[in-house]
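Subject: Structure handover

Hello,

Here is the structure I promised to pass on. My notes follow directly below it.

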Amino acid sequence: MLTEELYRRLRGSEMAERASHAIMVCTVDPDGSPRPAMLSYFEVAAPDRHNLRLAVYNDSRTCANMRERGRATLIIVEAGLVCYVSGSVAELVPAMRDAPYNAKLNLRIEQVLFDEASPDLEPGSHVTGGITYGPRTPGALERALAVLAELLEG
């Protein structure tokens, strides 16, 4: 289950603060190799504290891995925060209404782990930032907001 702080970050209401931050997703390829990919806060949304909705390119290896193995781990890294959210994945729709190139998937949360340096072994050490990207064009931002709204629909 998401903590209150994670739920607040992922419910889609604080996009001004999160619009340039990326979330890593890790799946497993058929040969057992890890497959990392990046999503934005416009492509990950928490409708409640037990589920995350994901918008993933429907023709990507990442999406195929989730369909075939039904598992994923999200890696959220920001200043002062590192956590891993793992669970089972099921496809809700193969092509989203507002972004037909994305599948809409549901990740049922099974585990949330927080990671931080040991205060005894690495006193004062902490994460100072995460992965960020440049601003979206107005048209891309409008599309991203539509995808986020569709993820949060019942």
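Leu52 has Leu107 as its bridge partner in S7. This is a predicted model, so please read everything here in that light. A second pair links the two strands: Leu54 is partnered by Leu105 in S7. In total, 7 bridges join S4 to S7, and the two run antiparallel.

Leu54 also appears in a pairing with S3. There, Leu54 of S4 is the bridge partner of Val44. S3 and S4 are joined by 3 bridges and run antiparallel. They form a hairpin, with 2 residues between them. S4 itself is mostly covered, with 6 of its 7 residues buried.

Now the whole sheet. It is open and has 7 strands. The order is S2-S1-S5-S6-S7-S4-S3, with antiparallel pairing. S3 and strand S2 (34-40) stand at the edges. Each has a single partner strand, so one side of each lacks a neighbour in the sheet. From one strand to the next, the twist averages 35 degrees. As general background, strands of a sheet pair through backbone hydrogen bonds, either parallel or antiparallel.

At the S2 edge, the partner is S1. S1 and S2 pair in the antiparallel sense over 7 bridges. Within that pairing, Ala22 stands opposite Ser40 in S2. These strands form a hairpin too, with 5 residues between them. Gly32 sits in the turn and has a positive phi of about 90 degrees.

Next, the helices. Which strands does H4 lie across? They are S3, S4 and S7, and H4 runs at about 30 degrees to S3. H4 covers residues 138-152, which makes 15 residues. From first C-alpha to last, H4 reaches 21 Å, close to the 21 Å expected at 1.5 Å a residue.

The buried residues of H4 are Ala140, Ala144, Val147, Leu148, Glu150 and Leu151. Why do they share one side of H4? They cover an arc of only 165 degrees around the axis, which puts them on the same side. On the other side of H4, Pro138 and Glu142 are exposed. The buried residues of H4 pack against strand S3 (44-48), strand S4 (51-57) and strand S7 (102-114). Helix H2 (15-18) is packed against by them as well.

Helix H3 (residues 61-69) also lies across strands. These are strand S1 (22-28), S2, S4, strand S5 (71-78), strand S6 (81-93) and S7. H3 runs at about 50 degrees to S1.

One residue deserves its own paragraph: Ser86, in strand S6. Is Ser86 buried or exposed? Its relative accessibility is 14%, so Ser86 counts as buried, the cut-off being under 20%. The side chain of Ser86 makes a polar contact with the side chain of Thr73, at 2.8 Å. Thr73 is also one of the residues in contact with Ser86 once neighbours within four places in sequence are left aside. The others in that list are Ala72, Leu107, Arg108, Ile109, Glu110 and Gln111. Leu107 thus comes up again: it is the bridge partner of Leu52 and a contact of Ser86.

Best regards

Notes: Residues are numbered from 1 along each chain as its sequence is written. This is a predicted model: local features need pLDDT of at least 70, side-chain atom pairs count only at pLDDT 80 or more; totals for chains, interfaces and linings use all residues. Side-chain values use heavy atoms; hydrogens and water are left out. Helices (H or I, at least four residues) and strands (E, at least two) are DSSP runs, numbered from the N terminus. The expected span of a helix is 1.5 Å times one less than its number of residues. Buried means under 20% relative accessible area, exposed over 50%, partly exposed in between (1.4 Å probe, protein chains only). The arc is that of the directions from the helix axis to the C-beta atoms. Contact means heavy atoms within 4.5 Å. Two strands pair if DSSP finds at least two bridges between them. Axes are lines fitted to C-alpha atoms, for helices over the stretch in contact, and angles run from 0 to 180 degrees between N-to-C directions. A polar contact is a pair of N or O atoms within 3.5 Å; within protein, one must be able to donate a hydrogen and the other to accept it, and residues adjacent in sequence count only if both atoms are side-chain atoms.
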